[in-house]
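Work through the exercises below with the sequence and the structure in view. Try each task before reading its solution.

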Amino acid sequence: MMAVEDFFKNNTGKGIAIGIAAAILAPAILPVVVQAARPLARAAIKSGLLFLNKSRETVAEMGEVVEDLVAEARAEIDEERAKANSATVATEDIIEDSVDIAEAESEVVSKKTISPSS
């Protein structure tokens with residue numbers, strides 16, 4: 001009798017006893033555990049799917065916001081380029097007009113200086 005008590009006092013004996021009890025009781029307990037865990041697993045999967053769908057919607061909305069911001073930035077860049085181009089064209093026109101005026105004045109001065117000496 002003392003040998004059996006000593007066997008259960010050390011950890012190896014307890015482990016073996018628990019293993020044997022689990023092997024004997026597992027076929028009876030496992031179906032109950034599976035049936036109890038099934039609704040929990042289904043609820044967890046359902047929650048995960050709902051979260052996934054909501055996440056996809058949020059990412060899609062964020063993508064639309066980013067696309068809108070990019071489009072606005074491009075429109076601003078195009079507007080600034082158009083203004084810069086029109087300013088360049090206006091400046092070139094002013095320069096051309098100034099050159100034309102200077103050339104015309106030069107011709108007038110040349111004609112005036114040539115006329116009196118004749």
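**Exposure and salt bridges**

K83 is exposed, with a relative accessibility of 54%. The model is predicted, so local features need pLDDT of at least 70 and side-chain atom pairs pLDDT 80 or more, while totals for chains, interfaces and linings use all residues. Residues are numbered from 1 along each chain as its sequence is written, and side-chain values use heavy atoms, leaving out hydrogens and water.

**Exercise 1.** Classify E79 as buried, partly exposed or exposed.

*Solution.* Step 1: recall the classes, which are buried (under 20% relative accessible area), exposed (over 50%) and partly exposed (in between), with a 1.4 Å probe and protein chains only. Step 2: E79 has 45% relative accessibility, so E79 is partly exposed.

**Exercise 2.** Find the salt bridge of K83 and describe the spacing of the two partners along helix 2.

*Solution.* Step 1: a salt bridge needs a side-chain nitrogen of Lys or Arg within 4 Å of a carboxyl oxygen of Asp or Glu. Step 2: K83 pairs with E79, at 3.5 Å from N to O. Step 3: the two are 4 residues apart in helix 2, so about one helical turn separates them. Helices here are DSSP runs (H or I, at least four residues), numbered from the N terminus.

**Exercise 3.** How many salt bridges does this rule give, and which residue pairs with K54?

*Solution.* Step 1: the count is 2 salt bridges. Step 2: K54 pairs with E57, their closest N and O atoms lying 4.0 Å apart. Step 3: K54 and E57 are 3 residues apart in helix 2, again about one helical turn. Step 4: E57 is partly exposed, at 44% relative accessibility.
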